[in-house]
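Trainee: Please take one part of this model and go through it closely. I would like the nonpolar interior, and then some single residues set against it.

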Amino acid sequence: VLQLIRTVPLEPGRNYLFGFHPHGVLAAGAFGNFCTEATGFGRLFPGLRPRLLTLPCWFRLPLFRDYALAGGLVSSEPESLEHLLAWPGGGLVAVIALGGPPEALEARPGALRLQLLRRRGFVRIALKHG
């Protein structure tokens, strides 16, 4: 069952960084929550538009790039995250897999392993943008 729970209302005049865990296989839970209205993101967070960050390699494949962009996906390169968080007027939510690809490789039924030790770049960028 896919479920999104809002714990605090957010101001649409700002930009935000959401982290999700666990990554799982193909980040299917994140895609369902943030690239579709399956769990009512727009109703829970009015005025905010989510953008799910994914590996840059997906944007080098012909046709898949257009499919990814249409689905609300954005490259996870630091420049892309900077662009989203600096968006004038606010209203954007950059969504990143906290553990990234190494965490996806650790996906096992019944086990959750968060990988954060070598993944501090997104925190630095978030602090830079408030």
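Mentor: The answer below goes from the whole chain to its cores and then to single residues.

This is a predicted model, in which local features need pLDDT of at least 70 and side-chain atom pairs count only at pLDDT 80 or more, while totals for chains, interfaces and linings use all residues. Residues are numbered from 1 along each chain as its sequence is written, and side-chain values use heavy atoms, with hydrogens and water left out.

The chain holds six helices and four strands; these are DSSP runs, with helices being H or I of at least four residues and strands E of at least two, numbered from the N terminus. Their order from the N terminus is β-α-α-β-α-β-α-β-α-α. The radius of gyration is 14 Å, close to the 14 Å that the globule rule gives for 130 residues, so the chain is as compact as a globular protein of that length. That radius is taken over C-alpha atoms, and the rule is 2.2 Å times the number of residues to the power 0.38. The C-alpha trace spans about 40 × 35 × 30 Å along its principal axes.

Of the 130 residues, 36% are buried, where buried means under 20% relative accessible area, exposed over 50%, and partly exposed in between (1.4 Å probe, protein chains only). Contact means heavy atoms within 4.5 Å. Among contacts between residues at least 6 apart in sequence, 63% join residues at least 24 apart.

Now the interior. A nonpolar core is a set of buried Ala, Val, Leu, Ile, Met, Phe, Trp, Tyr and Cys residues joined through side-chain atoms within 4.5 Å. The largest one has 19 residues, and Phe18 and Phe41 touch the most other members. Two or more residues of this core come from each of strand S1 (16-20), helix H1 (28-34), helix H2 (41-44) and strand S4 (92-97). A second, separate core has eleven residues, among them Leu85, Ile96, Leu98 and Ile125.

What does Phe18 touch, not counting residues up to four places away in sequence? Its partners are Leu10, Phe34, Phe41, Phe45, Val93, Ala94, Val95 and Ile96.

Gly32 is in helix H1 and is buried, at a relative accessible area of 10%. Apart from residues up to four places away in sequence, Gly32 touches Leu2, Ala38 and Thr39. Gln3 is 29 residues from Gly32 in sequence, and their C-alpha atoms are 9.1 Å apart in space.

Ser80, in helix H4 (residues 78-85), also counts as buried, with 19% relative accessibility. With neighbours within four places in sequence left aside, Ser80 is in contact with Val74 and Ser75.

Two loop residues give the other side of the picture. Leu112 is in the loop between helix H5 (100-105) and helix H6 (121-128) and is exposed, at 64% relative accessible area. Beyond its neighbours within four places in sequence, Leu112 is in contact with His21 and Pro22. Leu112 and His21 are 91 residues apart in sequence, with 8.6 Å from C-alpha to C-alpha.

Leu63 lies in the loop between strand S2 (49-54) and helix H3 (64-70). Its relative accessible area is 70%, so Leu63 is exposed. The phi angle of Leu63 is near 70°, a positive value in a residue other than glycine.
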